[in-house]
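Dear colleague,

Please find below the structure that I am handing over to you. A summary of what was found in it follows directly after.

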Amino acid sequence: MAFVGKNYDHFLGYALSGGGAKGFAHLGALRVLEKSGLKPDIIAGTSAGALAGVFYADGYHPDEIAELFRKREFREFVEFTIPRTGFLKNKGLHSFLKKNLRAKRFEELQIPFCAVATDWNRAATVVFSNGDELVDAVVASCSVPVVFSPQAIHGIHYVDGGLLKNFPVSVIRKKCKYVIGINVSLMIPPTAKDNIRTIMERTFNLMSNSNTLFDKAYCDILIETRGIEKYSMFDLHNQETIMEAGYHHAAIKMSEKESWKIVKKCHRHYELVKKIQSHIHFFKGGPKS
């Protein structure tokens, strides 16, 4: 239950950006938000943000999510294929999600969740938020073009949501009184020596950053994890360092006066909801005179 007034469906929402392996920073930031006593009413995630967001919406603690990925190799999540639509199949990621997610449908998640993908044929952003395509939707959101084959859902091909909407703040902005955005995908520096991987990664980074500017302006609290730009989007070996960066920058941002004002408003809201629920419970099943 969320008592937020007629203009909003939710009081607090989280928007989690894409960023490949830099998405581990989301877990560090989520730990800080939990320590602040915050709990989102809805989560929107793109690519790595969808991956972190769906597990969090499924009831996993950030440390538990980190443990799922600890000591894993990138090759465990992919399968090489003849490069027609992509060099890799995301079969491994699909199996990983199916095995570890408790929910099988969006409606079974503990927190409402939106996975953002790109309709390849229509060149349009698509938001998945209901039905039994939960795993397929998250895989679609993570399917970086060229690297991965598109994910088919009901005959329609989808690719990484970061192509058009890497930071999905606007996806939930009108539904929420407050939105906390975590952006882990800042501009990566050019490398001294280019190869196919670094050129592809920087190209995608340039595209995703250009469509992030619009959404940054719509955050009530914007957390950005600087200092992790040097890590590759496929780097699963620096998980702890990336998580620590997410924690560090979130802690700094949440200690600011303007951020703490919103935290206190959230706490007052939780108390109000608790009182309303208590009254409802009393009149429905409480002591009878």
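The protein chain contains 10 helices and 11 strands. Please note that this is a predicted model. Of the 289 residues in the chain, 54% count as buried. The accessible surface of the chain amounts to about 14300 Å², and 56% of that surface belongs to carbon and sulfur atoms. As for contacts between residues at least 6 apart in sequence, 75% of them join residues at least 24 apart.

Two points of detail may be of interest to you.

The first concerns a pair of helices. Helix α4 spans residues 91-100 and helix α5 spans residues 134-141; their axes come within 10 Å and cross at roughly 140°. This angle makes α4 oblique to α5, since only angles over 145 degrees count as roughly antiparallel. The crossing of the two helices is right-handed. On the α4 side, the residues that meet α5 are L93, H94, L97 and K98, and their counterparts in α5 are V135, D136, V138 and V139. By character, the residues of this contact comprise five nonpolar, one polar and two charged.

The second concerns T46, which is located in strand β2 (residues 42-46). With a relative accessible area of 0%, T46 is buried, because the limit for that class is under 20%. Apart from its neighbours within four places in sequence, T46 is in contact with L16, S17, G18, V116 and S141, as well as with D160, G161, G162, K165, N166 and P168.

With kind regards

Key: Residues are numbered from 1 along each chain as its sequence is written. This is a predicted model: local features need pLDDT of at least 70, side-chain atom pairs count only at pLDDT 80 or more; totals for chains, interfaces and linings use all residues. Side-chain values use heavy atoms; hydrogens and water are left out. Axes are lines fitted to C-alpha atoms, for helices over the stretch in contact, and angles run from 0 to 180 degrees between N-to-C directions. Helices (H or I, at least four residues) and strands (E, at least two) are DSSP runs, numbered from the N terminus. Angles under 35 degrees count as roughly parallel, over 145 as roughly antiparallel, 65 to 115 as roughly perpendicular and the rest as oblique. A crossing is left-handed if the near helix is turned anticlockwise from the far one by less than a right angle, and right-handed if clockwise. Contact means heavy atoms within 4.5 Å. Ala, Val, Leu, Ile, Met, Phe, Trp, Tyr, Cys and Pro count as nonpolar, Asp, Glu, Lys and Arg as charged, and the others, Gly among them, as polar. Buried means under 20% relative accessible area, exposed over 50%, partly exposed in between (1.4 Å probe, protein chains only). Accessible areas come from the Shrake-Rupley method with a 1.4 Å probe; for residues, only the protein chains shown count as cover.
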